[in-house]
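Let's take a walk through the charged side chains of this protein and see who pairs with whom. Keep the viewer open as you read.

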Amino acid sequence: ENTPRTEEPAPKAAEAAPIQPDKPRASLPPTSSQPRAEPSLTPPHFRGGCACGKIQYEILGKPLFTANCHCWQCRRTCAAPMFWGAGFSKESVCFTFPGETRFHVAKDHPRHFCVSCGAYVYGDWEEYFVIPCVNLEPQPQAQFHIFTSEAVMRKLPNDSLPRYTEGPKSKLKSDEF
């Protein structure tokens, strides 16, 4: 029997809930115990999600940093010669449609992917989330390159951004570079 496959309806906005970032997990279920963050009408405000739309998020506030990472773990995570990502405090990220994710661990941090479309959605560091900038609107500009010692490109982009052969030695914030 070939019955047409129907898509699951997207969750309603009333079902949206902030994530609970204190522990890695394979899905982000809605909860009614925590209030949903209200979107800001003034910048900086970012929206994003996976390719199929089953996972969507809103971010209030500026990124802690925005970097082009050339380490092998980030390159493999996003299947590209470098990863363009922004770090946001966990309190600033609200999953408005918290679809199911699966994760793998790289650099001791879970990296979450949508189970429906396979898109890389976010990385879970202890102090912050790293969100792929390609998933964000508007897209923040990169501030620097890190782990250039592991770069696979013969020539890095001619973008005049600061370059660091390794990553940060402490908490990654743009004012430390």
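Begin with two residues hidden from solvent: Lys-90 is buried, and Asp-124 is buried as well. Keep in mind as you look that this is a predicted model. What do Lys-90 and Asp-124 form with each other? The two make a salt bridge, in which the closest N and O atoms are 2.7 Å apart. Lys-90 sits in the loop between β4 (83-89) and β5 (93-98), while Asp-124 belongs to strand β8 (residues 120-124), so this pair ties together parts that are 34 residues apart in sequence.

It helps to recall the basic chemistry here. Side chains of opposite charge can pair when their charged atoms come close.

How many salt bridges does a search of the whole structure find? The search turns up 4, and the Lys-90 and Asp-124 pair is one that you have now met.

Next, move along to Arg-102 and Glu-100, whose side chains meet in a salt bridge with an N to O distance of 2.5 Å. Are these partners buried or exposed? Each falls in between: Arg-102 counts as partly exposed because its relative accessibility is 45%, and Glu-100 is also partly exposed, with a relative accessible area of 36%.

A further stop is Arg-163, which forms a salt bridge with Asp-159. Here the closest N and O atoms are 3.3 Å apart. Arg-163 has 37% relative accessibility, so it counts as partly exposed. Its partner Asp-159, at 25% relative accessibility, counts as partly exposed too.

Key:
Residues numbered from 1 in each chain as written. Predicted model: local features only at pLDDT ≥ 70, side-chain atom pairs only at ≥ 80, totals over all residues. Heavy atoms only, no water. Helix = DSSP H or I, 4+ residues; strand = E, 2+ residues; numbered from the N terminus. Buried < 20%, exposed > 50% of the residue type's maximum accessible area, 1.4 Å probe, protein only.
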